[in-house]
Amino acid sequence: MIVDSHCHLDKLDFDKLDTDLDGVLQQARERDVEHFLCVNVTLDKFPQMLETIAPYSDVSASCGVHPLDQKDALNIDQLRQLAASDKVVAVGETGLDYYYSAETKPVQLESFVGHIDVANELDKPLIIHTRDAREDTINLMREHHAERCGGVLHCFTEDYDMAKKAMDLGFYISISGIVTFRNAEQLRDVVKQIPLDRLLIETDSPYLAPVPHRGKTNQPAYVQDVAYFIAELKGISYKKLATATTDNFYRLFNRIPRR
């Protein structure tokens with residue numbers, strides 16, 4: 001069995017998928033997916049997201065503000081209150097993105113620190129988005145002791161040096177369908193070097209559908225395509241890749257009861 005360690009179920013376009021959330025989850029279950037982590041990106045929409053996934057025992061939630069949605073200062077009291085929910089197993093996604101939103105850098109930096117502090121306070125792992133911000137991301141993780149709560153660099157596209165520094169802090173590296181893209185040779189080289197006991201897989205759906213589904217709305221069922229691709233890339237069996245990444249998932253998000 002495998003897991004989708006990062007998806008945005010509340011952002012799926014069900015008209016394009018020609019089904020509803022029940023259908024999406026069932027299609028994924030039929031492709032070996034046993035658990036889903038639905039990741040929050042704005043605090044104001046978190047209650048609605050939580051209501052959407054509440055009926056599903058195999059769906060967990062995170063709570064945080066994505067750096068590309070961080071236009072104003074973080075309401076840290078609100079984050080603390082929402083992230084304390086029993087349904088929430090992680091804080092984020094948070095992090096830094098200077099590729100799309102360098103102009104909000106001061107707000108992003110302050111918000112990232114706030115997320116690290118709340119994660120440490122609640123003892124819940126961090127889900128970190130990072131793009132074109134390698135030095136600042138690692139420095140803030142070190143300075144604010146992100147190793148205490150642990151977490152994951154999700155949808156990783158940076159170099160192995162950054163991955164190694166994050167892993168040295170006890171973090172996991174999660175790989176999305178980007179690894180299957182034609183122009184992702186550098187990322188494939190990085191994935192070959194990531195130890196199996198530090199690897200997670202994800203879809204980041206509805207974005208970044210893997211080959212052979214490029215151009216379609218991404219969905220959790222496609223995490224199996226990511227798993228097969230990485231297994232072949234690393235020269236191991238699908239079963240070995242599935243077992244390792246699933247074990248890693250439950251080890252990191254240890255508030256989720258394993259079946």
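Contact here means heavy atoms within 4.5 Å. Keep that in mind as you click through this predicted model.

**Stop 1: the sheet**

Switch to cartoon view and pick out the strands. Eight of them form an open sheet, in the order β1-β2-β3-β4-β5-β6-β7-β8, and the pairing is parallel. Now colour β1 (2–7) and β8 (199–201): these two stand at the edges, and each has a single partner strand, so one side of each lacks a neighbour in the sheet. If you look along the sheet, neighbouring strands are turned against each other by 30° on average, direction ignored.

Next, zoom in on one pair. Select 59–63 for β3 and 88–97 for β4, and you have two strands that pair in the parallel sense over three bridges. Which residue in β4 is the bridge partner of alanine 61? Click on valine 88, and there it is.

Leave β3 and β4 coloured and add residues 46–53. This is helix α3, which lies across β2 (33–38), β3 and β4. Against β3, helix α3 runs at about 170°.

**Stop 2: the annotated sites**

Show side chains for His6, His8, Glu93 and Asp204. UniProt, in an unreviewed entry, gives these four the feature "binding site". Why say that they gather at one spot? They span 199 residues in sequence, yet no two of their C-alpha atoms are more than 11.3 Å apart, so one spot is where they end up. His6, His8, Glu93 and Asp204 are also included in the lining of the largest pocket. For orientation, histidine 8 sits in the loop between β1 and α1 (14–17).

Now add His129 and His154. The unreviewed UniProt entry has a "binding site" annotation covering this pair too. The two are spread over 26 residues of sequence but cluster in space, with a largest C-alpha distance of 5.9 Å. The lining of the largest pocket takes in both His129 and His154. To find histidine 129 in the cartoon, look in strand β5, residues 126–131.

**Stop 3: helices packed on α6**

Select residues 105–122, helix α6, and then 134–143, helix α7. The two pack at an angle of about 35°, and their axes are 10 Å apart. The crossing of α6 and α7 is right-handed. Turn on side chains at the contact: Lys105, Leu109, Phe112, Val113 and Ile116 come from α6, and they meet Asp136, Thr137, Leu140 and Met141 of α7. Sorted by class, that contact has six nonpolar, one polar and two charged residues.

Keep α6 on screen and swap α7 for α4, residues 76–83. The axes of α4 and α6 come within 10 Å and cross at roughly 35°, and this crossing is right-handed. From α4, the residues to show are Ile76, Leu79, Arg80 and Ala83, while α6 brings Gly114, His115, Val118, Glu121 and Leu122. What is the make-up by class of the contact of α4 with α6? Count five nonpolar, two polar and two charged residues.

**Stop 4: leucine 196**

Jump to leucine 196, in the loop between α9 (185–193) and β8. Which residues does leucine 196 touch, leaving out those up to four places away in sequence? Select Lys234, Ile236, Lys240, Leu241, Ala244 and Asn248 to see them. Try a distance label from leucine 196 to asparagine 248: the C-alpha atoms are separated by 8.9 Å, although the two residues are 52 apart along the chain.

**Stop 5: backbone oddities**

One bit of background for this last stop: most residues other than glycine have a negative phi, and most peptide bonds are trans.

Go to serine 205 and proline 206, which are joined by a cis peptide bond with omega about 15°. Proline 206 is in the loop between β8 and α10 (223–234). Stay in that loop and move on to proline 212, which lies there as well. The peptide bond from valine 211 to proline 212 is cis, with omega near 15°.

Finally, select aspartate 32. Aspartate 32 is not a glycine, but its phi is positive, at about 80°. You'll find aspartate 32 in the loop between α2 (21–29) and β2.

Definitions and conventions. Residues are numbered from 1 along each chain as its sequence is written. This is a predicted model: local features need pLDDT of at least 70, side-chain atom pairs count only at pLDDT 80 or more; totals for chains, interfaces and linings use all residues. Side-chain values use heavy atoms; hydrogens and water are left out. Two strands pair if DSSP finds at least two bridges between them. Helices (H or I, at least four residues) and strands (E, at least two) are DSSP runs, numbered from the N terminus. Axes are lines fitted to C-alpha atoms, for helices over the stretch in contact, and angles run from 0 to 180 degrees between N-to-C directions. A crossing is left-handed if the near helix is turned anticlockwise from the far one by less than a right angle, and right-handed if clockwise. Ala, Val, Leu, Ile, Met, Phe, Trp, Tyr, Cys and Pro count as nonpolar, Asp, Glu, Lys and Arg as charged, and the others, Gly among them, as polar. UniProt positions are given in the numbering used here, feature names are shortened, and annotations may be inferred rather than shown by experiment. On a 1 Å grid over the protein atoms alone, a cavity is a set of points where a 1.4 Å probe fits but cannot get out, and a pocket is an open set with protein on both sides within 12 Å along at least five of seven lines; lining residues have an atom within 4 Å of a point.
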